[in-house]
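Visitor: I should like a close look at a single strand and its surroundings. Please describe how that part is placed in the chain.

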Amino acid sequence: MDVKLIMFREDGKRRVFPLPKGETTIGRKTDCDIRIPLIEVSRRHAEVSIDEDGAVLKDLGAANGTYLNNRRITEEDLEPGDQILIGPVIFTVQIDGEPGDDELVEVRTKLSGRRKAGEGPGGVGTSKHVYMSDEETDPIAALEALASSADQTAINPENDE
């Protein structure tokens with residue numbers, strides 16, 4: 001089973017996160033497979049489990065909840081075309097190539113005005129869990145940078161399309 005999470009950035013570019021079989025954790029903490037360094041995202045927010053029978057999304061007790069197709073869930077099976085909302089980030093689920101690239105509905109993640117993890121009312125502070133440079137204006141850029149850094153175990157997204 002080939003499962004991908006697809007995210008559309010504010011600029012319309014698509015980011016593809018292929019998921020391996022087994023568990024993939026999504027959250028703000030450094031040991032998560034997919035890191036989203038935003039204060040609306042819990043340290044360990046959600047988990048996607050993939051096996052030969054299918055894919056399952058599970059909320060890990062996130063304070064702001066995990067949403068599937070605009071409905072708060074605790075655990076649900078994933079279907080092609082489902083939309084997952086974690087904090088302000090929206091992922092579309094693609095399973096075995098469905099929906100096809102030409103059928104994907106573009107739902108853009110809007111991050112304007114969002115505070116980054118480690119950022120207080122007075123500006124960016126230090127955090128032992130999250131590093132973001134001053135020039136990174138959108139936290140998804142930080143997610144991508146963390147995914148590609150050699151010292152992280154985050155899933156590497158495929159190229160922008």
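Guide: What follows is an account of strand E10 and its surroundings. The model is a predicted one. The chain has 161 residues, of which buried residues make up 48%, and its secondary structure comes to one helix and 13 strands. Read along the sequence, the 13 strands precede the helix.

Strand E10 covers residues 83-86, and its side chains alternate between two faces. Ile 84 and Ile 86 point to one face and are buried, while Gln 83 and Leu 85 point to the other and are not buried.

E10 belongs to an open sheet of six strands, which has the order E2-E1-E11-E10-E7-E8 and antiparallel pairing. The edge strands of this sheet are E2 and E8 (71-73), each of which pairs on one side only. From one strand to the next, the twist averages 30°.

On one side of E10 lies E7 (residues 66-68), with which E10 pairs in the antiparallel sense over three bridges. Within this pairing, Leu 68 has Ile 84 as its bridge partner in E10. On the other side, E10 pairs with E11 (residues 89-95), again in the antiparallel sense, over four bridges. There Ile 86 stands opposite Val 89 of E11. The hairpin of E10 and E11 has two residues between the strands, and in it Gly 87 takes a positive phi near 60°.

Farther along the sheet, E1 and E2 run antiparallel and are joined by six bridges. Here Arg 14 in E2 is the bridge partner of Phe 8.

The buried face of E10 leads to the matter of the core. In soluble globular proteins, nonpolar side chains tend to be buried together. In this model the largest nonpolar core has 24 residues, and Ile 84 is one of those with the most contacts inside it, together with Leu 5, Ile 36, Leu 57, Leu 78 and Phe 91. The elements giving two or more residues to this core are E1 (3-8), E2 (14-19), E5 (46-51), E6 (54-59), E10 and E11. E11 gives the most, with four residues.

Phe 91 connects several of these parts. Leaving aside neighbours within four places in sequence, Phe 91 is in contact with Gln 83 and Ile 84 of E10, and also with Leu 5, Ile 6, Met 7, Phe 17, Ile 36 and Asp 82. For the chain as a whole, among contacts between residues at least 6 apart in sequence, 45% join residues at least 24 apart.

Definitions and conventions: Residues numbered from 1 in each chain as written. Predicted model: local features only at pLDDT ≥ 70, side-chain atom pairs only at ≥ 80, totals over all residues. Heavy atoms only, no water. Buried < 20%, exposed > 50% of the residue type's maximum accessible area, 1.4 Å probe, protein only. Pairing = 2+ DSSP bridges. Core = buried A, V, L, I, M, F, W, Y, C linked by side-chain atoms within 4.5 Å. Contact = heavy atoms within 4.5 Å. Axes fitted to C-alpha atoms, helices over the stretch in contact; angles between N-to-C directions.
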